[in-house]
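User: Hi! I am new to reading protein structures, and I would like a close look at a single part of this one. Could you walk me through its open sheet and the pieces around it?

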Amino acid sequence: MMNKRSLAAMALLISVSLLSACGKDKAPAGSPAPSASPSAAASQSPTAKPTPTAGSPSASSSVSPSAKPSATPGKNDGVQVIAKPESITVLVNKQNMLPDNYNPTDLVYPDIPFTFKEKLEKRKMRKEAAEAIEQLFAGAKKDDISLAGVSAYRSHATQTSLFNSYVKKDGLEKAKTYSAVPGTSEHETGLAIDVSGSDGKCAAQDCFGGTKEAKWLAEHAHEYGFIIRYPKGKDKITGYQYEPWHIRYVGTKMAKEIADKGSTLEEHLNAVPVSK
Ligand SMILES: [Zn+2]
């Protein structure tokens with residue numbers, strides 16, 4: 001028996017599941033907003049302090065192939081905790097998780113337009129990535145391509161709060177199908193950003209794939225040190241379907257190598273494919 005509410009919930013769930021890698025911080029157009037408003041609970045929880053241990057992250061674009069996951073046993077089935085979360089080339093995916101206490105220490109607000117006006121956490125990026133995204137947007141502009149940021153950094157606290165609200169609503173297994181487990185979202189690194197055209201149409205949706213903005217990104221992102229993190233046809237390796245809007249900073253050298261080969265960060269780092 002299906003009442004209206006469970007139908008609506010189901011519809012929401014289905015539409016939500018399309019957005020997996022980027023998580024969703026807004027409901028897709030046309031669907032009702034999720035009842036549990038995570039943002040309210042998420043913000044202002046200054047509990048997780050950054051550890052002052054490791055010295056300043058060597059954030060130069062020099063190649064440090066160090067970002068390979070450590071052999072530290074993870075908490076969940078085969079998931080490993082990342083040893084050097086501050087590395088520019090860090091691999092974060094469903095099997096390689098950021099440590100609970102990791103918060104990037106060099107987050108800044110890049111000077112680029114977003115699809116919203118407010119000065120929110122999700123505008124932030126790590127300094128080196130922020131400078132690169134400014135260059136990328138400027139380069140696009142020269143080619144008459146107007147871009148806008150949709151969502152960049154998401155703190156561990158925000159991701160945790162968001163995820164927990166889904167678990168409460170749908171249970172752990174179901175929640176995992178449409179929201180990244182805290183620590184496994186690349187948005188927590190401050191090195192990734194979802195990008196759309198300046199009109200915000202198709203933001204973080206499949207229809208972005210056919211746009212001139214997506215085409216420009218696919219051709220030029222690597223020149224600025226970014227890769228299309230979840231390319232078409234690589235979902236078995238990355239664990240995510242094609243997401244033409246989600247770009248990830250890795251530095252220009254590695255970005256070019258990955259783009260030239262048409263490969264992925266997993267392949268480049270010789271990491272195990274996410275789904276065997
Ligand atoms: Zn994303």
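Analyst: Here is a walk through the sheet, followed by a helix and two loop residues.

Please keep in mind that this is a predicted model. For some background, the chain has nine helices and eight strands. Of its 276 residues, 41% are buried. Among contacts between residues at least 6 apart in sequence, 66% join residues at least 24 apart.

Now to the sheet. The sheet is open, has four strands in the order β5-β6-β8-β7, and pairs them antiparallel. At the edges stand β5 and β7, each with a single partner strand, so one side of each has no neighbour in the sheet. On average, neighbouring strands here are turned by 45° against each other, if direction is ignored.

Let us follow the strands in that order. Strand β5 covers residues 147-151, and four bridges join β5 to β6 in an antiparallel fashion. You can find one spot in this pairing by looking for Gly149, which stands opposite Val195 in β6. Strand β6 spans residues 192-197 and is mostly covered, as six of its six residues are buried. Three bridges join β6 to β8, and these two strands also run antiparallel. Here Ala192 is the residue to look for, as it stands opposite Arg248 in β8.

The last pairing is that of β7 with β8 (residues 243-249), where four bridges join the antiparallel strands. Two places help you see how they line up: Phe226 has Tyr249 in β8 as its bridge partner, and Ile228 stands opposite Ile247 in β8. The sheet also has a helix against it: α6 packs on the sheet and touches β5, β6, β7 and β8, with its direction at about 35° to that of β8.

Strand β7 deserves a second look. As an edge strand, β7 has one side without a neighbour in the sheet. Even so, five of the five residues of β7 (residues 226-230) are buried, so this strand is largely enclosed by the rest of the structure.

Next, step back along the chain to helix α3, which runs over residues 127-142. Its 16 residues should span 22 Å at 1.5 Å a residue, and the end C-alpha atoms are 23 Å apart, which agrees. The buried residues of α3 are Glu128, Ala129, Ala130, Ala132, Ile133, Leu136, Phe137 and Ala140. A general rule is useful when you look at such a list: an α-helix has 3.6 residues a turn, so residues three or four places apart point the same way.

After α3 comes Asp144, which lies in the loop between α3 and β5. Its backbone is worth a pause, since most residues other than glycine have a negative phi. Asp144 is not a glycine, yet its phi is positive, near 60°. Asp144 counts as exposed because it has 8 C-beta neighbours inside 10 Å, and the limit for exposed is 12 or fewer.

Ala204 also has a positive phi, of about 55°, although Ala204 is not a glycine. This residue is found in the loop between β6 and α6 (212-220). Ala204 is buried, because 25 other C-beta atoms lie within 10 Å, and 20 or more is enough for that label. To put the two side by side: Asp144 is exposed, whereas Ala204 is buried.

Terms used
Residues are numbered from 1 along each chain as its sequence is written. This is a predicted model: local features need pLDDT of at least 70, side-chain atom pairs count only at pLDDT 80 or more; totals for chains, interfaces and linings use all residues. Two strands pair if DSSP finds at least two bridges between them. The expected span of a helix is 1.5 Å times one less than its number of residues. Axes are lines fitted to C-alpha atoms, for helices over the stretch in contact, and angles run from 0 to 180 degrees between N-to-C directions. Two residues are in contact if their C-beta atoms, placed from the backbone, lie within 7 Å.
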